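Visitor: I would like a close look at a single part of this model, with attention to what surrounds it. Could you take me through it slowly and then set it beside other parts?

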Amino acid sequence: MRLIVPLQGVVQGRGGLILGSLIPCALFYFLQFYLKRHRSPPSNPPSQSPSAANLSELPRSSSRANLLARGSTGRASLSARATSIAKPNDSPYYIGLDRVREDPYDEIDNPDGIIQLGLSENRLSLDLIEDWVSQNLTDSKLGVGSQALGLSGIATYQPMDGLMEFKVAMADFMTEVMGRTVSFDPSRVVLTSGATPALEILSFCLADQGNAFLVPAPYYPGFDRDIRWRTGVELIPVHCRSCDNFTLSITALEQTFNQAKKRGHKVRGILISNPSNPVGNLLNRDTLYDLLDFARERNIHIISDEIFAGSTYGNEEFVSMSEIVDSEDADKDRVHIIYGLSKDLSIPGFRVGVIYSYNENVLAASRKLTRFSSVSSLTQQILVSMLSDKRFIQEYMKTNRQRIRTMCDLFVAGLRELGVECTKSSGGLYCWVDMSRLISPYNEKGELDLWDKLLNIGKINVTPGSACHCIEPGWFRFCFTTLNEKEIPVVMERIQKAVESCKPSV
Amino acid sequence: MEFESGNSQLLSKIATSDQHGENSPYFDGWKAYDNDPFHPTQNPRGVIQMGLAENQLSLDLIEEWIKKNPRASICNGEGLHAFKNIVLFQDYHGLPQFRNGVAKFMAKARGGRVSFDPDRIVMAGGATGANEMLMFCLADPGDGFLVPSPYYPAFNRDLRWRTGVQLLPVMCQSSNNFQITKQALEEAYQNAQKANIKVKGVILANPSNPLGTTLDRTTLRSLVTFINDKQIHLVCDEIYAATVFGGPSFISISEIIEEMESINRDLIHIVYSLSKDMGLPGLRVGIMYSYNNTVVNCGRKMSSFGLVSSQTQHLLASMLSDQEFTDKFVLENCTRLANRHEMFTQGLEEMGIRCLKSNAGLFCWMDLRHLLKEPTFESEMSLWRVIISDVKLNVSPGSSFHCCEPGWFRVCFANMDDETVKVALGRIRMFVGQRKDVEVQVKKSWHRNLRLSFSSLIYDETMASSPRIMSPHSPLVRATT
C-alpha cells in the first residue's frame, strides 16, 4: 500500500521526479540485498585423506549431508560457548590487564610502562609472609611423605575438597579474620583452587541454566565470567547510586526482583560482596538482617562473597553473614559464604578458595564438584603450617590493616590535591573514584574515552565503572595496594597528564 | 513456611542429580575398604586396595629430589622479589618455565620423537578438569562423544555431569583383544545418527584404562582417518604415556599426525597430567594440549577455574627442567613398573588366571570368566562381592568400565609394596583353589545374551533415568527394557 501511493503520485505527477527515481532505486537495492542473502553457500568437498580408499568398503552414511559446508582444511565446529569465549576480550577490565601484562611498569627496568591499578592485589605485606616462610619452612620437612604428594597408600583416599588439617586451619583463620565473633566449623569448609571456582561451583549447585542471581551493582567484573560462562546462570544488576554512597537499598532490590519476575526470570539467589568490590563499603547489620528476611520471603539463597573480610581499615565494624545466621536458628540453609586467601593473605598464586555453607546438601554436592578444582596438596601442606601459627597470623593481620590504611589515606589525599574525590571506603584494596566531572560527554562513551587516555597517555590501568555495570558514568576503581609510597606521586602526575589531555581545546 | 521439607528443592538439577555416580554399587568396594583397610601389621586381615590406579613405586625418587632442591618448593632463599612474583602469579597463561618443563617432559615420555609447543599448554584442575574443559569447548549440551569401551568409569561423571554431553560407547570385544575396529566406530556413529544425537568427536585413553594396552599404528591411523572424514574431534587422554614399561613402544597421536597428510589438526587434542606418570595426583596438574588455536584460547580463559598453584608450578618447573633427574626417573619408574607387572601377572598365571597382555598402566585386566557360574553380569557381580568380602581385595568389576563381556576385572598393582602384593596373591591363590570345582562353559554367543540379562544393577543409574535418548544398541539401554 505504502509503495503504491507514492508511485501513483509519480505517475500522476505528484511527488515529482525524486520519488519516481528514489523508489525504483530502493527496490533495486532491496532486490540485490535479498539475492545476496539467499545465494546458496559454496559447496566444498570434505577433505580426503590418503587412506580414504580403505574406507571404501564401509557403507557411506547419510551423515555427510549433515556436515556443515567447509573449506578443505575445514573449520572444526566447537561449542557455542567456546566460540564466544575465545573472542578477544572486549571488556576494558580485561583489556587493561592484558596491556599491563605486555608492558608492565618497573621503576628501573621499564619506567614508562603501565602502572597496574586495575588488579586488586595486595603487595603491601608480602615481606611478612616471606620472612615467615624463610624462618619456618625448613627444607627437610617439605614435600616429604605420601600425604604431601597426595598419595593415599595405606591411609584413606585423598579428599578432593581438602585435607582435614587444612580445613581446620582454614576454619580457625576465618574465625580470626572475621573478628572472632563467630566460630567457623571445619566440617562446613569446602576448599577449591581459588575463589573463582568456588563461586562457579556454588552457582552450579544453586541454580539451573537460565536462572538468575540478583547482584548489587557496581560489581566485580569477574562475576560475569565466574557465574555466567559455563553455568548459564544470568546476573541481574540491582543498581546502587552515589546519592546512597552506593549502598544497597532493599527497595531497589525489591523493584529489581519484581521486574525480573515479570520478565520471566527465575531468581534463585542474591550475590553480595562484603566488603564490596569495587566500592569498598561494608554492609551493616541491619541491611544483612533485611537481606535474610528478603531471601526468606522469596525462598531464595544468599551468597556472601567475603573475600576482603580481613582487609578492612575503616572505623566501621565488619559483620559477616555468618554472624547473622548464627543468631537466627532458622534459615541457615540458604546462606553460603565465599572466601579465599588471595586478598587477605596476599597469595593469589597459591589458588585457595573456600565455600562455606550451612546447607548439608550444598556441601555434599560441592564436595563432589571440587574434583574439577582442587587445591594442590603440597600447597596445602605449606599453608597448614602458616595458618596454624596463630601469633604470626594475628601480627600479620594487624600490620597488614595498618599498611592498607596508610596507603589508602595517602592515595586519597593525592587524589584530593588533583581535585578528585572518592567515596569513603572501609574495606578492600581500592578506592572508588568520582571522575564524572572530567568526562565529556557525561555517558559511558565519555567514561571510556577517559579510561583510554588514562591507559594510553597516562599509562595507568584502572577499571572504569561501566566494566563494573555501574549505572552512573564517570566512576573508576583505583587499586592502591599494588604500589609503594614512592610511586604515589608518580601515579598522581600521570593522572594529571591524562586528565589534561581530556580538556577540550578552547 | 516449613523450611526443612522444601530444602532440596532449593538446589539445582545438577546438584540433586545422580550424575556424580557415587550412589552406584561400584562404590561398595570402596566402602568395604574404608571400613576395614589393610595394614601389614595393624590389620593384616583387612581389605587390600587394588581399585586405585595410583603410582607409588617411585615416590622415593621424587622425595629425594625435593629434599635436594629445597628452594624449589617455596622459592625461599631466592629473595623477596622472586618470592613475590610467585605468590602473586595467577596469570592463566601459566609460568613460562612451568610450561617449558611440561613440554619437555611430554616429549621425553614419547621418546623424543615429537616435540610440544609450550604455548599450546593450558592448565586445568587435574586431568579430570582438562577432560571436562575440553567437553565445554567442543560440545554443547546434548551432543555426543564416542568412547571405546571398556573405559575409565569416571568419564561418565567428568565428561557429562556439568557439560550435558552424552557418552556413546564403542564396543570392543575380547575376541580381538579389545581392539578398536573401524566397524565398531562406524556402528556407534550410525546408531547416534539414528537417535538424532550430534556426534562431536571420539574420546579415548591411550594407553588404555583399564586395559593397560597401547594403540598400534594402524588403529591410530584409522582413528584419525575416521574423525577426519567426518570432521569430528579426537581427544586422546595420554595420562599413562610414561608408564609404558614394555614393548610395543608408545605411539602418541602427536606422532601420527606428523606422519599423515591432509589431516585437519584443528580436530586433535591431547589431555595429560602428572598424576600417573610421576605419581603426583595431589598436585592437581592437568594439561590440555590442543592443535586448535581457538580451543587453546578458550581453554586458557577457562583455566581460571582450575589453575595450578603457582607454588606447584614453580616446583615442577625446576623438577621437570632437571633433565638428568627426569631421564633417570622415567627409566627407573618403567623398570619398577615392569618388575611389578611381571611379578603380579606371573603369580596369577601360576594359578591359571590370565590377564590381557599389556605393556602400560598401573593395573592389569584380569580374565576371570572361567570362575563365573554363568556368563552373565549378575554372576560377575556375585563373584565380585565374594572377592570383596571373602578374599578381601577391592578390585574393579568390568561392568563398571562398561565392558560388554562379563568376567573381566581391573586390578591395580602399583599402589602398594612388594609384601602386600604377595599377600594379595596368596589370598587369590587360596580362593582359586576353593573355586576349582566350578566349571563354566563359555558360550560363543554369550555376549548377546548378556545385553538382555544385564540386570538393573547398572553402575550408571543416571543413564537409565536420563531423558536423553541413548544409542539403541547400548547394553545399558537394553538393560532397562
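Guide: In this predicted model, the buried residues of helix 13 of chain B are covered by parts that include helix 3 (80-86) of chain A, and, from chain B, strand 2 (121-125), helix 8 (126-138), strand 7 (268-273) and strand 8 (285-290). Helix 13 of chain B spans residues 293-302, and seven of its ten residues are buried, so the helix is largely enclosed by the rest of the structure. The buried residues are V295(B), V296(B) and C298(B), followed by G299(B), R300(B), K301(B) and M302(B). At the start of this helix, the backbone nitrogen of T294(B) has a side-chain oxygen of N292(B) within 3.0 Å.

A strand in chain A offers another case of burial. Strand 6 of chain A, residues 301-305, is mostly covered, with five of its five residues buried. Both of its faces are covered, H301(A), I303(A) and D305(A) lying on one side and I302(A) and S304(A) on the other. Strand 5 (residues 267-273) of chain A runs parallel to strand 6 of chain A and is joined to it by five bridges, with G269(A) standing opposite H301(A). These two strands, together with helix 10 (residues 285-298) of chain A, make a right-handed β-α-β unit. Strand 6 of chain A also pairs in the parallel sense with strand 7 (residues 335-340) of chain A, over four bridges, and there D305(A) stands opposite I338(A).

Aromatic rings add a further layer, since the count of aromatic pairs over all chains comes to 29 by the rule used here. In one of these, the rings of Y93(A) and Y220(A) have centres 6.3 Å apart and planes at 85°, so the pair is edge-to-face. Because Y93(A) lies in helix 4 (residues 92-102) of chain A and Y220(A) in the loop between strand 3 (212-217) and helix 8 (222-228) of chain A, the pair ties together parts that are 127 residues apart in sequence. Y93(A) itself is buried, at a relative accessible area of 7%, and ring pairs link Y93(A) and Y220(A) with Y94(A), Y219(A) and F223(A) into a cluster.

In chain B, the residues Y151(B) and F155(B) are buried, each being listed at 2% relative accessibility. Charged side chains also meet rings in chain B: the charged end of R110(B) sits over the ring of Y272(B), 5.6 Å from its centre, while K230(B) lies over the face of Y189(B), at 4.8 Å from the ring centre.

Note on methods: Residues numbered from 1 in each chain as written. Chains lettered and ligands numbered in written order. Predicted model: local features only at pLDDT ≥ 70, side-chain atom pairs only at ≥ 80, totals over all residues. Heavy atoms only, no water. Buried < 20%, exposed > 50% of the residue type's maximum accessible area, 1.4 Å probe, protein only. Contact = heavy atoms within 4.5 Å. Polar contact = N/O pair within 3.5 Å; in protein donor to acceptor, adjacent residues only side chain to side chain. Phe/Tyr/Trp six-rings, centres within 6.5 Å; stacked < 30°, edge-to-face > 60°. Lys NZ or Arg CZ within 6 Å of the ring centre and 35° of its normal. Pairing = 2+ DSSP bridges. Right-handed = clockwise from strand over helix to strand, strands pointing away.
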